[in-house]
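Student: Could you take me through one part of this protein slowly? I'd like to see how the strands around one spot fit together.

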Amino acid sequence: MMVEKRAAVTSHKPPYMAEGGTLMLKCFLCGNWIVLHADRNGRPFGFCPACGVHVHFHKQEGLDLLESAVARHLPIVKTSIPSPPD
Ligand SMILES: [Zn+2]
């Protein structure tokens, strides 16, 4: 009998970089930081470690808005190492 093993989805994906650091997005639901990884197409995605919300940018418009948020230093994004919630 064959047993198939499934690899973890996110752990081996490279980080999604912006301005020299790993890009993180503030969870709209609980406020924790979601570390973004790059999928096989180079598009950012991630899971909220606290509430489990999954974000994935599938369209160019979303990527443009994300880049714009980084460029304008909006408080919903940051580029650094994850910090615990305060
Ligand atoms: Zn959350």
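Tutor: Let's take strand 2 and follow its pairings one by one, then glance at the rest. Keep in mind that this is a predicted model.

To get your bearings, the protein chain has 1 helix and 7 strands. Reading from the N terminus, the order of elements is β-β-β-β-β-β-α-β. Strand 2 covers residues 21-26, so go ahead and find that stretch on your screen.

Start with what comes just ahead of it in the chain. Strand 1, residues 17-18, runs antiparallel to strand 2, and 2 bridges join them. If you want a spot to look at, Met17 stands opposite Thr22 in strand 2. The two strands form a hairpin with 2 residues between them, and in that hairpin Glu19 takes a positive phi near 55 degrees.

Now go to the other end of strand 2 and follow the chain onward. Here you meet a second hairpin, made by strand 2 and strand 3, with 6 residues between the strands. Gly31 is the one to click on there, as it takes a positive phi near 90 degrees. Past that, strand 3 (residues 33-35) runs antiparallel to strand 2, with 3 bridges joining the pair. Leu25 stands opposite Ile34 in strand 3.

Hold on to Leu25, as we need it again for the next partner. Strand 7, residues 77-79, also runs antiparallel to strand 2, and 3 bridges link the two. In this pairing, Leu25 stands opposite Val77 in strand 7. Put those together and you have Leu25 facing Ile34 in strand 3 and Val77 in strand 7.

What about the remaining strands? They have a sheet to themselves: an open one of 3 strands in the order 4-5-6, with antiparallel pairing. Its edges are strand 4 (37-38) and strand 6 (54-56), each of which pairs on one side only. Strand 5, residues 44-47, is joined to strand 6 by 3 bridges. One position to check there is Phe47, whose bridge partner in strand 6 is His54.

Finally, zoom out to the whole chain. Among its contacts with a separation of 6 or more, 36% are between residues 24 or more positions apart. As for burial, 17% of the 86 residues count as buried.

Notes:
Residues numbered from 1 in each chain as written. Predicted model: local features only at pLDDT ≥ 70, side-chain atom pairs only at ≥ 80, totals over all residues. Pairing = 2+ DSSP bridges. Helix = DSSP H or I, 4+ residues; strand = E, 2+ residues; numbered from the N terminus. Buried ≥ 20, exposed ≤ 12 C-beta atoms within 10 Å, placed from the backbone. Contact = placed C-beta atoms within 7 Å.
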